[in-house]
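User: I'd like to go through the ligand site with you, and hear what stands behind each term. Shall we start?

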Amino acid sequence: MKQKIEELNKEFDENVAKVDSAEGLENLRLEYMGKKGKVALLMQDFKNVKDEAKKEIGMLVNALKNKIETKISEFKEKITDKLNEKEEFNAKPIDFSLPVSDGVGSLHPRTIILKEVEDVFVSMGFNVEDGYEIETEYNNFDAVNVPANHPARDMQDTFWLDNGELLKTHTSAAQNRILRKYGPHCKVIFPGRCFRNESLDAGHENTFFQMEGIVVSENVSVSNLIYFMKEMLKGVFKKDIEVRLRPGFFPFTEPSFELDASCAFCGGKGCPSCGGSGWIELCPCGMIHPNVLRNAGIDPEKYTGFAFGLGADRLVMLKTGLNDIRHLNSGNVKLLKQFKTKI
Ligand code: FA5
């Protein structure tokens, strides 16, 4: 009897795997669970089992019955779902030649604003380049004159990869490659995604965009830098915004400046978006350090230049009115729908 149950078990598994229609499933159910089905016959044989074996054999028969019932109801659900899908499809066929209806998709607000800003730079004669997201330690730090013991290289700030490379912490990581590509006459912007191991708040993300720019030629001076920053901000904001320039420190620029924009969300009073200061750190900048030019094979005695690292996500906040940077990576469809621009 035990052997019979085992054989039936195996046979059912093989047969159920072949079923591909509702009709086939019903036939299988009758074959095993019908009044005169294989399980019913098994129950008749059970009457002849000796008393001492009844408990063990009874459990095996019950297990087989349960298994058959469960499998059949599982398959029934699957087959019904498939049939419903088929019916739905047949009832409402898709016309692939129809034009895309309104609301199917739109560009992300960051993409919209960055394209606008790129256009401003292009109109000022800049080329646009891409950077990499995974960078070498050399490009991210050494090439831009960040000393080996600088705290930014710490695990706390940088996402290091097992192979010794890293997720770029700033767009400046592309400076060396771009300076080598363009040589001493260069006017390029390179937007990109940056990664920092930061705690998040309304003004800080661990994954955010910057837009870096460099201008190198003969006789480029601080006054060129200041004039350029004013013109660029006029083009980007298309209205007067209050900015302030204060001394800064970066290993890759000398002198260095911090350009802050007055916080549009609190009018300078202080709020979570600006960390309570009333100002949003928007665009650090400065004259490119001679070591950075030297590392790219450019003679700093002959050529000078300036660089800036626009906090692109903060710019997007200011231009869109989004008061929390975390919205930008949230993928919240309700929010994204407010920035409808057809692709
Ligand atoms: C830098 O990353 C420099 N590489 C910028 C630079 C380039 C300076 C060229 C001089 C010359 P900083 O760490 O301050 O600097 O970041 C630049 C801007 O990126 C900030 O002003 C801010 O707007 C933005 N930013 C920095 N950290 C974050 C963050 N966690 N979330 C969102 N934006 C950030």
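**The ligand and its shell**

Analyst: With four residues, β10 gives the most to the shell around the ligand. This is a predicted model, where local features need pLDDT of at least 70 and side-chain atom pairs pLDDT 80 or more, while totals for chains, interfaces and linings use all residues. Residues are numbered from 1 along each chain as its sequence is written, and side-chain values use heavy atoms, without hydrogens and water.

User: What makes S172 one of the residues that come nearest to the ligand?

Analyst: A residue is near a molecule if one of its heavy atoms lies within 4 Å of it. There are 23 residues around the ligand, and S172, R196, E198, E205 and E281 come nearest.

User: Why is the pair between S172 and the ligand called a polar contact?

Analyst: The term asks for a pair of N or O atoms within 3.5 Å. An N or O atom in the S172 side chain is 2.8 Å from a nitrogen atom of the ligand, so the pair qualifies. H170 also places a polar side-chain atom 2.9 Å from a ligand nitrogen, and E198 does so at 2.9 Å.

User: How much of the ligand does the protein bury?

Analyst: Taken alone the ligand exposes 680 Å², and the protein buries 94% of that; the areas come from the Shrake-Rupley method with a 1.4 Å probe.

User: What makes up the shell around the ligand, by residue class?

Analyst: Nine residues are nonpolar, eight polar and six charged. Asp, Glu, Lys and Arg count as charged, Ala, Val, Leu, Ile, Met, Phe, Trp, Tyr, Cys and Pro as nonpolar, and the others, Gly among them, as polar.

Notes: A polar contact is a pair of N or O atoms within 3.5 Å; within protein, one must be able to donate a hydrogen and the other to accept it, and residues adjacent in sequence count only if both atoms are side-chain atoms. Helices (H or I, at least four residues) and strands (E, at least two) are DSSP runs, numbered from the N terminus.
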